[in-house]
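Biologist: Could you take me on a close look at the nonpolar core of this one, with enough of the overall picture to place it?

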Amino acid sequence: MSSSETHKGWSTTSHLNTFDRWNKMGNSEFLYKYGSFKEQSFLRNAIQTNKSPTILDYGCATGTAKRFLKLSFKENQYQYKGVDISSPVIERAKELNSESEFQLIDKNSNFLKSNKFDIVYSRDTVLHQEKPYDFIDLLLNSAKKSLILRLRTRDKGATIFDKNLSCQMHYDNYWMPYIVLNIDELINFFFEKKRVKSIIINKSYEVLGGHNQRYLPKDLYFKKSGCAETSILIHIGKEKDCHNKEIIIDSDLEGNMLLNKKRFISLFYRLISKFGL
């Protein structure tokens with residue numbers, strides 16, 4: 001598989017091991033921890049409000065979203081497709097699930113231009129793109145009803161698109177883009193799209209600079225920048241129904257912040273998972 005220099009690290013065993021940790025959890029621990037992230041709530045609600053929707057999991061890794069769906073819904077309640085540019089994670093996903101549900105694609109493929117899905121779900125992919133808005137555009141155009149994203153945002157300061165100034169080291173050998181989008185810029189981007197009907201945003205504030213081998217602009221090392229792990233649900237409709245666009249920003253505690261606050265609950269689920277539950 002060909003890949004850009006900035007994403008070579010994704011085709012390594014180290015990348016596989018990073019995501020394979022989810023597969024080593026028992027069902028109870030996995031459902032609690034993975035389900036604590038807001039985008040899973042968005043995905044669950046999108047499935048419940050559509051009859052047997054087609055779902056694209058873009059950047060599916062080892063198929064963690066598919067596992068979440070299998071544990072949460074009957075198979076006939078949705079139609080799933082997972083794609084990724086990493087050969088090791090796709091092979092692992094095929095081992096754990098039906099091979100036909102997963103596909104290895106090239107980073108420069110036309111998959112998003114050639115396929116439409118009711119729900120497009122993409123977790124932690126936007127921030128690693130050299131041109132994140134072009135990438136979001138492709139995801140949006142592939143979605144018929146809903147687009148669900150998890151990315152990184154900042155409340156203050158303009159987006160820095162230079163991958164040499166905003167990046168993250170992966171697996172002790174590769175520098176990859178780590179782009180933190182200004183939240184107002186992002187909202188305006190969505191509001192300019194004629195098919196966007198409404199947006200729901202959840203922000204989990206945390207300082208992004210200095211963690212997990214990130215090399216970011218200096219102001220992202222301060223709380224005042226308002227950095228956040230951000231989950232977004234975009235409802236898509238017909239142009240004639242999207243004139244009065246709605247935005248909702250909720251403050252539900254979720255994700256890593258929730259898990260850190262409720263460590264004892266996490267420990268409980270880890271313990272019962274040891275008994276195969």
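Modeller: Sure, starting with burial: 52% of the 277 residues in the chain are buried, meaning under 20% relative accessible area with a 1.4 Å probe, protein chains only. Keep in mind that this is a predicted model, where local features need pLDDT of at least 70, side-chain atom pairs count only at pLDDT 80 or more, and totals for chains, interfaces and linings use all residues. Residues are numbered from 1 along each chain as its sequence is written, and side-chain values use heavy atoms, with hydrogens and water left out.

Now the core itself. A nonpolar core here is a set of buried Ala, Val, Leu, Ile, Met, Phe, Trp, Tyr and Cys residues joined through side-chain atoms within 4.5 Å. The largest one has 34 residues, and Ile136, Leu139, Leu147, Leu149, Leu186, Phe190 and Ile234 have the most contacts inside it. Elements giving two or more residues to this core include helix H7 (132–142), strand S5 (143–154), helix H8 (183–191) and strand S11 (227–236); helices (H or I, at least four residues) and strands (E, at least two) are DSSP runs numbered from the N terminus.

Zoom in on Leu149: beyond its neighbours within four places in sequence, Leu149 is in contact (heavy atoms within 4.5 Å) with Ser122, Val126, Ile136, Leu139, Phe190, Thr230, Ser231, Ile232 and Ile234. There's also a second, separate core of 27 residues, with Trp22, Ile47, Leu69 and Ala93 among them.

Chain-wide, residues 24 or more positions apart make up 76% of the contacts with a separation of 6 or more. And the C-alpha atoms fill a box of roughly 50 × 45 × 40 Å along the principal axes.

Definitions and conventions
Buried < 20%, exposed > 50% of the residue type's maximum accessible area, 1.4 Å probe, protein only.
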